[in-house]
Amino acid sequence: MKVLIDPGHGIDTPGKRSPDGLFLEYLWNRQVADLLLEKLVSMGIDASLVVTETNDVTLRNRVNRVNTICNKVGASNVLLVSIHANAAGNGSSWMNAKGWSCYTSKGKTKSDQVAECLYDAFEEEFPERKIRKDLSDGDKDWEENFYVLEKSRCPAVLLENFFYDNKEECAWMLQDETKRRIASAAAKGIAKYVVQ
C-alpha cells in the first residue's frame with residue numbers, strides 16, 4: 001500500500017489564517033504532513049508527499065499526481081490523505097466551532113473504511129476534544145463533493161484537524177505536542193486500514 005499525504009493550500013492561498021495571523025494553514029498543514037510522513041515511514045509504511053512546494057498547487061495538479069501513481073501501482077494499492085485545518089468564519093473574527101472531522105466523497109466506498117479507522121484513532125487519542133460526526137448515513141464521516149476526493153482514483157480522505165479560528169483551539173493547535181499527537185493519531189488510523 002502506498003500512502004500519499006497531501007498538505008492542503010499554499011503560501012499564496014488567500015485567507016486561510018487565524019484572525020490574529022499567528023496560524024497559517026498552509027504552513028501548519030505541511031508541518032503535520034511532515035510529522036505524519038516521518039511516523040508512517042518509521043512504521044514501515046510506504047508513504048510520500050503529493051505536494052512538496054510551499055506555493056499552492058492546483059487541485060487538478062494534485063489529483064494528476066495521485067492518479068499517475070494509481071496508474072503505476074494500481075488504484076487499490078494507493079491511499080490519499082489530505083491534511084487541512086478547519087475554520088467556521090472568514091478569518092476576520094474568532095468563532096466558537098471546535099473539533100476534528102474526516103471527509104469522504106459521497107456514497108459507500110472504501111474511503112468510508114479508511115475514515116472509520118481514523119475516527120477510532122482520533123477518538124482514542126483525543127478523548128478531551130470534540131470529534132465531529134455525521135451519523136445520518138450510518139457511518140461517522142462527512143461526505144462532500146471535494147475535488148480531491150471525487151477525482152482521485154484511489155480511496156481518499158480529507159482531515160479537518162480542528163478549528164484555527166477558535167481562539168482556544170488555535171493556541172492548542174500551534175503547540176508542537178499537539179501537532180505530534182495529530183500526526184500520531186492519523187498514522188495509527190492509516191496503519192489500521194493498511195493492515196486490514
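The largest cavity of this predicted model has a lining made of H9, G10, I11, T13, G15, K16, R17, L24, E25 and Y26. Welcome to a short tour that starts in that enclosed space, moves on to the largest pocket and ends with two helix pairs that share α6.

**The enclosed cavity**

- Searching the whole structure turns up 1 cavity of 30 Å³ or more.
- The space in the largest cavity comes to about 40 Å³.
- Sorted by class, the lining of this cavity holds 3 nonpolar, 4 polar and 3 charged residues.

**The largest pocket**

- The largest pocket offers about 380 Å³ of space.
- Its lining counts 26 residues, of which H9, K16, E25, H84 and E160 are the closest to the pocket centre.
- H9, K16 and E25 may look familiar, as they also appear in the lining of the largest cavity.
- Two or more lining residues come from each of α2 (59-73), β3 (78-86), α4 (147-151) and β6 (156-163).
- Strand β3 gives the largest share of the pocket lining, with 4 residues.
- The class split for this lining is 9 nonpolar, 10 polar and 7 charged residues.

**Helix α3 against helix α6**

- Helix α3 (residues 110-125) packs with helix α6 (residues 176-194) at an angle of about 135°, and the two axes are 8 Å apart.
- That angle makes α3 oblique to α6, and the crossing of the pair is right-handed.
- On the α3 side, the contact is made by K110, Q113, V114, C117, L118, D120, A121, F122 and E125.
- On the α6 side, the partners are R181, I182, A185, A186, K188, G189, I190, K192 and Y193.
- This contact of α3 with α6 contains 10 nonpolar, 2 polar and 6 charged residues.

**Helix α1 against helix α6**

- Helix α1 (residues 25-42) crosses α6 at roughly 50°, with axes that come within 8 Å.
- The angle makes α1 oblique to α6, and here too the crossing is right-handed.
- From α1, the contact draws on W28, Q31, V32, L35, L36, K39 and L40.
- From α6, it draws on K179, R180, I182, A183, S184, A186, A187 and I190.
- By class, the contact of α1 with α6 has 10 nonpolar, 2 polar and 3 charged residues.
- I182, A186 and I190 of α6 take part in the contact with α1 and also in the contact with α3.

Technical notes. Residues numbered from 1 in each chain as written. Predicted model: local features only at pLDDT ≥ 70, side-chain atom pairs only at ≥ 80, totals over all residues. Heavy atoms only, no water. Axes fitted to C-alpha atoms, helices over the stretch in contact; angles between N-to-C directions. Parallel < 35°, antiparallel > 145°, perpendicular 65-115°, else oblique. Left-handed = near helix turned anticlockwise from the far one by under 90°. Contact = heavy atoms within 4.5 Å. Nonpolar A, V, L, I, M, F, W, Y, C, P; charged D, E, K, R; others polar. 1 Å grid on protein atoms, 1.4 Å probe; cavity = no way out; pocket = protein on both sides within 12 Å on 5 of 7 lines; lining within 4 Å. Points joined across faces, edges and corners; volume = space filled by probe spheres on them.
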